[in-house]
Amino acid sequence: MSLGGKCDGNLLSLALARRRCQVVSMSMSLQLVVARGTARGLLNGSAAADYGEVLHLHRLLLEEGDELLAARLLQLALGMDPSPAEIAAFGVVR
């Protein structure tokens with residue numbers, strides 16, 4: 001059904017914009033699911049990570065509001081022995 005000229009394009013643009021918003025929100029949810037799963041794997045010892053990955057996951061989980069899991073990652077980072085290069089790249093956790 002044609003609504004005439006510009007109207008058709010605007011409706012199509014609106015539909016595409018809504019679709020893009022859904023994809024962005026889904027990928028953010030997927031990112032959070034993956035971050036949580038990775039963090040749990042690190043904490044229970046079934047996965048290994050470097051100092052930088054632990055700090056990156058810590059920041060991501062804090063941004064997403066998962067303070068408990070982020071705090072547990074911070075404890076893990078405190079127990080790690082980072083190399084001088086890792087300290088230079090990611091800083092020292094205190």
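In this predicted model, the protein chain has four helices and zero strands. Reading along the sequence gives the pattern α-α-α-α. Of the 94 residues of the chain, 22% count as buried. Contacts that span the sequence are part of the picture too: among those between residues at least 6 apart, 54% join residues at least 24 apart. The accessible surface of the chain comes to about 6700 Å², and carbon and sulfur atoms account for 60% of that area.

A word on confidence helps when looking at the individual helices. The mean pLDDT of the chain is 79, with 70% of its residues reaching 70 or more. Confidence is highest in helix α3, residues 67-79, where the mean is 93, and lowest in α1, where the mean is 68. Over residues 22-26 the pLDDT is below 50, and in the model this stretch has zero contacts beyond near neighbours in sequence. At the start of the chain, pLDDT stays under 50 over residues 1-9; for these residues the model has four contacts beyond four places in sequence.

Helix α1 covers residues 6-44 and includes Val34. This valine joins Leu30 and Val33 in a nonpolar patch on the surface, and together the three residues offer about 290 Å² of accessible area. The relative accessibility of Val34 is 48%, so Val34 counts as partly exposed; the exposed class begins over 50%.

How values were computed: Residues are numbered from 1 along each chain as its sequence is written. This is a predicted model: local features need pLDDT of at least 70, side-chain atom pairs count only at pLDDT 80 or more; totals for chains, interfaces and linings use all residues. Side-chain values use heavy atoms; hydrogens and water are left out. Patches are made of residues with over 30% relative accessible area and no salt bridge: like charges are joined within 9 Å, nonpolar side chains (Val, Leu, Ile, Met, Phe, Trp, Tyr) within 5 Å. Accessible areas come from the Shrake-Rupley method with a 1.4 Å probe; for residues, only the protein chains shown count as cover. A salt bridge is a side-chain nitrogen of Lys or Arg within 4 Å of a carboxyl oxygen of Asp or Glu. Helices (H or I, at least four residues) and strands (E, at least two) are DSSP runs, numbered from the N terminus. Buried means under 20% relative accessible area, exposed over 50%, partly exposed in between (1.4 Å probe, protein chains only). Contact means heavy atoms within 4.5 Å. pLDDT is the predictor's confidence in each residue, from 0 to 100.
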